[in-house]
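Let's take a walk through a protein structure together. Keep the 3D view open and turn it as you read.

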Amino acid sequence: MRNRKQTQVAAALAVASMALLTACGSSGSDESKSSGTKLSSLDEIVIGASVAKTGGQTFYGGPAMISVKEAIKDINAAGGVDGKKLRLVWEDSQTDFAKSAAAAEKVISEGANVVLVDCDFDYGLPAAQVAQKHGIVAMNLCAGSPRAGDPKILPDAFSMGIATNVEAAAIAEYAYNSLGYRNVYQLRDNSIEYSKSVCSYFAASFKQLGGKIVGEDGFNNADTSLQSQVSKLRKAADSFDAINLCTYNPGLTTAVRQIRAAGVDKPLLGSFTWDGDSWLGSKGVGAVSNVYFPAYASLYGDDPRPEVNKLIATVKANLGSVPFTSFTTPGYSAVEALMKGIEMAGTTNAAKVVQAMESFKDQKFLVGPVTYDKSTHIRMKGKNDVAIMKVEAGKPSFVDFVSPQAVPAP
Amino acid sequence: MRTESAMPTNPTHPTGSKRGDMKPTSRTIGRGWLAVSADWSTPLLLSGIVLMAVALMSLLGFGRTGVEALIMLVAVVGLHAYSGVTGIATFGHVGFMAIGGYVATLLTLPAVVKSYRLPGLPPWLAGTEMDPYLALVVVYACGVVAAGVFGLLIWRLNGLAAGISTLAFLLVTYNVTSGWEDVTGGRGAVPGVPQISDTAPALVVALLAIWATAWFGRTRQVRMARAAREDEAAAHAIGIRVHLGRWVAMTFSGGVMALAGGLYVYFVGSISPDFFYVPMMFSLLTFLVVGGMTSLTGAVVGTLAVQLLRQLLEPLDRGWDVAGIAFDGRPGLRFVVLGLLTLLVLAKRPGGLVNGFEIRLPMRRKGSHAEQSAQAATTTSVSLANDSALQR
Amino acid sequence: MNDLAQAAADAISSGSLYALIALGIALVFGVMRLVNMAYGEIVVATAYAAYFLQDRPVWIVLPGMVVAGVVLSVLTERLAFRPLRNASPTTMLIAAFAVSFTLQNAALATVGASPRSITAGASLASARTIGPVEVPGYSIVTVIAVVVIVVGLRAFLLKTSLGIGMRAASEDFDAARLVGVNANSVIRVAFVLSGAIAAVVGYLLVSATGGITPTSGLAPALLGFIAVVVGGMGSLSAAALGGFLLGAVTQFLQYLLPNDVLVFRDAFLFSGVLALLIWRPQGLFIRQNAQERV
């Protein structure tokens, strides 16, 4: 008896709350797509940023935001965009998925006309989705995952990062064409998508050029011992010219230390994540030699682009002894590109700005030419300046720019 | 989530559970249609507190952070439903949130997104595009089933061993969600989950969780589990089926956790295995421990207070310059302060801020042992023995 | 044959490291029933000490790391765990989580999120050949360190009055106090030893990895913790054996599992731990009844 009554009450409750929920849900979804404002009727252009000041993502976010501030300063000094000054509103995304979205919501409520989001695709995504919902253009400061610039996922979001397939193709082409390597052994870190995909893009590109992958093995970033992998690698040492090592720190230093300790001195071919004075230097593992990796720019004053050297000097002066990487430089051009888009569109309306930005074809910005189109909102097509760095005795130096041709499909 | 109230003990004890919940309704306060069952005054007052907190948060301009606080509240209430009742600390309930989150994602993700982000999905899942609210029902059911199975596995475990087994469960869940590319998309985030970031749905679920847990706390099984928390040997001695009560608590809380996971994923709009790992577990534990593990009031107060504090401490990160006293701010400092504060509470008030107290409306006591024994902190095994004897 | 020998060597070397971590955790658990999840952060702190003592000779770096480990370990005891001495193991475990969270965020706020490269122990990285197998120097040192520490601890526990007090305390703390064992000094000694072992672990860890980040502590702490559980709480030798077993099983899974199943290595590992807990909640190497005392 009582049981039945309880069930009835439960059912009634269920129905009532369901109705309430559905009502709330449908009322909430209509407010999106605020139309944006004509440039002429704006007092200023507010650049919102949902970027980490705390937690692990500050490693990328902190330095990148210094570049952003530099870009804003420079544009304002040159008179702004159509006479409108830029203002930055930066909310801490706290290296937290939920806070990333909350921070985006906050800056939008404070009037942001565009939103900059965290470099890591996973962390930047929630913020970019919030911007999308409000009909505001989002720009990822340096994500390389082709997904970060896939309009099928977020029609109004872009990334100033160079796509991972371009980065991998650049070092593959440099190894094949300039260094003359034909046989490469791959050691892949299976812990995250980036490290896995950078190895598969390298393999695709290298094979397309005519090279061969003669062996492969896997490990995990958190592993403290790579002994079995290194033994296997050393046995095969006669069969290859170089090792393509796809990983990131802290696993990177572990792998490099153990490979070199085993007496394998073959060249190491790296990726963007190898950049930075946090480990490269004349000390410890950082005193490594015979290493090549792609980068956004050289941090060591020998980049052929004087304006890039100037920006890096400013970042360095701001950070003091805090290590950083060349992932900082795209932050500058992220602002440049957004402002160019708004200027061309004459409005902050997302659809129009996106349209304008999709017309960029080898558009010249501080980091080099940038090309976007209807299907690609990341630096993948057109010409790209990927810097190739060479490390000897822990000293990295700029060797060449590569704009790869054999770019595998994302 | 509405099915909660139809769930826990009835199937296992068709005769036993009724008297346990019904007896209290005989005592009421107020008159006529205003009369409120004294025993429902706790969830009623807690609902009031939550509503006031929501109002306060919107007044202070919390925006989405307020919604996140409500979702965390659901999770902490779920955590309390297990830990508070059994006295076993759990370090792995976030694993049920992960299950809820992925079930919600798989059911609601648009087929277009699935086709290129999760191309390995079996056909019957690849085409599914369920309404997100309807999906929560399935999410809840999956949480219940997962917790039920896991609860059977650890049926006999006590104390620390039980806590550690939950940690092992979380580590397994994390590894499986990170590695099972076809279904979860691996370590990378899966975008495009329908976004629900309004206050109302989170508020409704939070209130439902509070009411359901309050109701659940009055069932016979749970009272017996609670008796076992105070003195397991005595509980065994008087014939209480300790393990059954724990299993019921695990099952119930698993469902609530899964709901929280689903809501969290809707809130963020994407999912990645890293959402539901040790850092999230630590946050939830902090909320529960600061408030007080053994009472529902503690769970609610702890969550709201710590969330509020976390927001109010922001100047520590940002810096200030008020009335000539300037401080530069140090990003991350507030988390250090929050950690120290948790330690302080643990040291000075091990029972948490409310220390086992359940908020309720004042009322005349008629010397019911059952009523008194529900007040966790003051219970002795003797009165608990009476409690369960009375219900028999 | 060679492969098998190599696998065995790898198993012994990673097992030794886990055994060391497990010892550090078990020492403290023995005297106060505290599962010290903050142990990983203490290891990380010693590694940062090595970073700040960069390029100094090893006879400065290693003592510096030991001082850092011991000071931090004793400080956490004094400030965080002493007030909780009579609390339940569960409350103390939560406190340990809080300490871990606090220390990690303190590291993030002071030294920052970027990984730091550390020179200490670089010479230990190069490989040595022993018979049919080739192992890096730090693996050999790890095995030696485990042996030395276990023998040393054993002598300490059997021969010195403090050691005997510690053994008594881990049997029955209250009874030990009644017969005149000084609780504070016993617990302090446990934390001192545990902090010193953390420094050794830190040194071996950075010589293998060459770098450190504020979040590097989680993985070793979890593994050490699981090792203690597998071996058995409350006994040093059981914990060390548990560490060996965990390391060995990890390495053998690495060899045995086919490549596409390898991503689930940890799931297998922790399911095994779960099964073990259900089958023998008191741990593999402990004979006691698991039923809590009344």
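**A walk through the chains**

Let's start with a single residue: B:Glu181 is partly exposed, because its relative accessible area of 38% falls between the limits for buried and exposed. Before going further, keep in mind that this is a predicted model.

What does B:Glu181 meet in a salt bridge? Its partner is A:Lys196, and the N to O distance between the two side chains is 2.5 Å. Now look at where the two residues sit. A:Lys196 belongs to helix H6 of chain A, while B:Glu181 belongs to helix H9 (residues 181-184) of chain B, so this pair joins two chains. If you wonder about the chemistry, side chains of opposite charge can pair when their charged atoms come close.

There is another salt bridge to find here, between B:Arg117 and A:Glu193, with the closest N and O atoms 3.7 Å apart. This pair also crosses between chains: B:Arg117 is in helix H5 (residues 111-117) of chain B, and A:Glu193 is in helix H6 (residues 193-209) of chain A. Are the two partners buried or exposed, or something in between? B:Arg117 counts as buried because its relative accessibility is just 6%, where buried means under 20%. A:Glu193, with a relative accessible area of 27%, is partly exposed.

Next, stay inside chain A. A:Lys106 and A:Glu91 form a salt bridge, and their closest N and O atoms are 3.7 Å apart. Here the pair links distant parts of the chain, since 15 residues separate A:Lys106 in helix H3 (residues 97-109) from A:Glu91 in strand E2 (residues 85-92). The two ends have their own surroundings: A:Lys106 is partly exposed, at 27% relative accessibility, whereas A:Glu91 is buried, at 9%. You can follow the trail a little further, too. Through salt bridges that share partners, A:Glu91, A:Lys106 and A:Glu110 are joined into one network. Over all chains, the count comes to 18 salt bridges.

Time to zoom out to chain B as a whole. Its secondary structure comes to 19 helices and six strands. How many of its 392 residues count as buried? The share is 64%. Chain B exposes about 13,500 Å², and carbon and sulfur atoms supply 66% of that area. Then there is the way the chain meets itself: take the contacts between residues at least 6 apart in sequence, and 75% of them join residues at least 24 apart.

For a close-up in chain B, find B:Ser47 in helix H2 (residues 41-59). This serine is buried, with a relative accessible area of 9%. Which residues does B:Ser47 contact, once you leave aside its neighbours within four places in sequence? They are B:Leu207 and B:Trp211. With B:Trp211 there is also a polar contact, in which the two side chains are joined at 3.0 Å.

Now swing the view round to where chain C meets chain A. On the chain C side, 35 residues are in contact with 30 residues of chain A. The area buried between these two chains is about 2,400 Å², and carbon and sulfur atoms give 53% of it. Within chain C, the residues that lose the most area to chain A are C:Pro115, C:Ser117 and C:Thr209, which together account for 19% of what that side buries.

How many salt bridges cross this interface? The rule finds zero between chain C and chain A. What the two chains do have is six residue pairs in polar contact. Several elements of chain C, namely helix H1 (2-32), strand E1 (116-117), strand E3 (133-136), helix H8 (183-209) and H10, each supply at least two residues of the side that touches chain A. Helix H8 of chain C gives the most, with five residues.

Our last stop is on the surface of chain C. There, C:Leu4, C:Phe252, C:Tyr255 and C:Leu256 form a nonpolar patch, with about 410 Å² of accessible area together. Which helix gives the largest share of this patch? It is helix H10 (residues 236-256) of chain C, with three residues. C:Tyr255 lies in that helix, and at 31% relative accessibility it counts as partly exposed.

Terms used:
Residues numbered from 1 in each chain as written. Chains lettered and ligands numbered in written order. Predicted model: local features only at pLDDT ≥ 70, side-chain atom pairs only at ≥ 80, totals over all residues. Heavy atoms only, no water. Patch = residues over 30% accessible without salt bridge, like charges linked within 9 Å, V, L, I, M, F, W, Y side chains within 5 Å. Areas by Shrake-Rupley, 256 points an atom, 1.4 Å probe, with all protein chains shown as cover. Salt bridge = Lys/Arg side-chain N within 4 Å of Asp/Glu carboxyl O. Helix = DSSP H or I, 4+ residues; strand = E, 2+ residues; numbered from the N terminus. Buried < 20%, exposed > 50% of the residue type's maximum accessible area, 1.4 Å probe, protein only. Contact = heavy atoms within 4.5 Å. Buried area = accessible area lost by both parts, 1.4 Å probe. Polar contact = N/O pair within 3.5 Å; in protein donor to acceptor, adjacent residues only side chain to side chain.
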